[in-house]
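Trainee: Please choose one part of this model and look at it closely with me, and then show me how it sits among the other parts. I would like a connected account rather than a list.

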Amino acid sequence: MGCFESKPAERPKRTAATPKSSYRPPQPQPQPEPRKAAASSPAVTQPPRASPLAPGGGPTGHVSQKYGLAASKRGMVIAGGCCKRLEKEHDVNVVLPKKGDAADYIHIEGDAAAVEVAHAALQAELGIDLPKGDVWVYSLDVPRHRFGAIIGKGGATLKDIEKQSRAALDVPQRADTAGHVTLKGSNAACALGVKKIEAILKHSVAVAKTAGADGGVTTVEALTADLSKPITRALFFPSHEEPEGCTTIDVFLSYLRAARTTLDICIFNVTHDLIADTVMNAHRRGVAVRVICDNDQMKCTGSDIEKFVRAGIPCRPDAKAEHMHNKFAVLDGKVLLNGSFNWTVQATERNDENVSILSDRGLVGSYSKYFAELWGKAGVGAL
């Protein structure tokens with residue numbers, strides 16, 4: 001489109017017919033508003049206005065946004081040209097931590113709207129949530145012998161947990177001494193991952209949560225019973241869902257966890273690692289734990305009695321040729337656990353078993369006296 005200029009009004013010519021006295025100079029005519037400058041006209045440059053800085057240090061509209069991403073999943077961003085494709089399609093820069101840096105984050109830089117779109121695309125491609133800012137880390141106290149159940153054949157179960165929860169799941173290698181299963185992602189994704197894992201294990205797990213960059217850790221204790229109230233309860237196995245919304249084994253463990261001063265155990269056999277870990281945790285908390293066990297069963301494959309001994313828990317096998325077939329425990333001298341239930345995975349998940357939980361003072365007193373008698377008789381064979 002060409003440029004347009006407005007012409008000044010022409011002055012009328014004076015003729016002989018026009019008397020001098022009647023001549024009047026032309027009055028100024030109103031000028032039309034100037035047309036807008038055409039594309040070819042030089043643009044008038046206005047001085048730039050000062051603009052606030054975006055989080056990444058650039059002007060408004062350009063950001064450098066931090067997103068939480070488990071370091072173990074960083075390779076997925078690099079592999080298959082994912083990073084380059086993301087940058088090309090959305091006109092952004094993806095900045096990863098330096099090689100060898102175990103930091104759980106990435107940065108996406110560019111126009112704010114483009115960064116949001118690129119973030120959504122990356123989440124869809126990885127199949128996990130990438131929260132703004134720092135990643136949440138959930139550390140789960142899972143017995144090592146149950147790692148295989150979480151991984152599954154060829155890693156199928158692990159991948160399914162990640163797909164359903166959208167959290168990154170890491171299970172330690174057998175040679176790893178850390179021993180904690182971890183979930184990383186958004187808070188909601190990690191919480192869902194815990195539920196999926198507990199459903200597979202058929203019991204609850206204790207969880208330590210690290211919330212964002214402040215590094216604050218909140219330990220979420222597993223269910224713990226209240227021993228201060230009168231208790232009359234029966235549990236029946238195989239383990240199933242109880243009114244509390246957890247499983248039967250969870251309720252059983254909640255009573256063992258509730259011991260604060262003493263825990264006297266008289267048990268035929270202990271091979272359930274989750275129960276064994278709960279007993280050892282009580283010992284570490286300062287609870288005075290004593291264990292009487294059957295001298296034949298303690299030598300069987302999978303027995304956890306040796307673990308108790310290594311942990312410093314006083315253990316005594318019975319000194320008789322016959323079996324010590326009791327299965328009871330006295331908590332703080334005021335609550336009794338007693339029944340047919342052997343402390344094994346078989347009894348927990350398959351057998352028909354029972355446990356009575358009672359706070360009757362006379363009954364608890366009788367069992368405490370009985371334990372003391374057995375403890376004295378088994379003293380010769382102390383471990």
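Mentor: Helices here are DSSP runs of H or I with at least four residues, strands are DSSP runs of E with at least two, and both are numbered from the N terminus. Counted in this way, the protein, which is a predicted model, has eleven helices and 15 strands. Of its 383 residues, 39% count as buried, and among contacts between residues at least 6 apart in sequence, 68% join residues at least 24 apart.

The part I would choose is strand β6, residues 181–185. Five of its five residues are buried, that is, under 20% relative accessible area, so β6 is largely enclosed by the rest of the structure. In a regular strand the side chains alternate between the two faces of the sheet. In β6, V181, L183 and G185 point one way, while T182 and K184 point the other way, and all of these residues are buried. Strands of a sheet pair through backbone hydrogen bonds, either parallel or antiparallel. For β6 the pairing with β4, residues 136–140, is antiparallel and runs over five bridges, with L140 standing opposite V181. The pairing of β5 with β6 is also antiparallel, over three bridges, and there L169 has L183 as its bridge partner.

Just before β6 comes H180, which lies in the loop between β5 (168–170) and β6. Because its relative accessibility is 38%, H180 counts as partly exposed, whereas V181 is buried. Beyond its neighbours within four places in sequence, H180 is in contact with S139, L140, D141, D170 and P172; of these, S139 and L140 fall within β4, and D170 falls within β5. H180 also lies 6.5 Å from V142, C-alpha to C-alpha, although 38 residues separate the two in sequence.

Elsewhere in the chain, seven strands form an open sheet of mixed pairing, in the order β9-β15-β14-β13-β10-β11-β12. Its edge strands, each pairing on one side only, are β9 (232–237) and β12 (315–317), and the twist averages 10 degrees from one strand to the next. Within this sheet β13 (327–331) and β14 (335–339) run antiparallel and are joined by four bridges, with F328 opposite N338. Helix α7, residues 248–258, packs on the sheet and touches β9, β10, β13, β14 and β15, its direction making about 135 degrees with that of β9.

Another loop residue, N342, is found between β14 and α10 (345–349). Since its relative accessibility is 17%, N342 counts as buried, in contrast to the partly exposed H180. Not counting residues up to four places away in sequence, N342 touches F268, N269, K327, A347 and E353. Among these, K327 belongs to β13, A347 to α10 and E353 to β15.

For helix packing, consider α2 (82–90) and α3 (112–126), which pack at an angle of about 145 degrees with their axes 10 Å apart, in a right-handed crossing. The contact is made by C82, R85, L86 and H90 of α2, and by A114, V117, A118, A121, L122 and E125 of α3. By class, these comprise seven nonpolar, one polar and two charged residues.

How values were computed. Residues are numbered from 1 along each chain as its sequence is written. This is a predicted model: local features need pLDDT of at least 70, side-chain atom pairs count only at pLDDT 80 or more; totals for chains, interfaces and linings use all residues. Side-chain values use heavy atoms; hydrogens and water are left out. Two strands pair if DSSP finds at least two bridges between them. Axes are lines fitted to C-alpha atoms, for helices over the stretch in contact, and angles run from 0 to 180 degrees between N-to-C directions. Contact means heavy atoms within 4.5 Å. Buried means under 20% relative accessible area, exposed over 50%, partly exposed in between (1.4 Å probe, protein chains only). A crossing is left-handed if the near helix is turned anticlockwise from the far one by less than a right angle, and right-handed if clockwise. Ala, Val, Leu, Ile, Met, Phe, Trp, Tyr, Cys and Pro count as nonpolar, Asp, Glu, Lys and Arg as charged, and the others, Gly among them, as polar.
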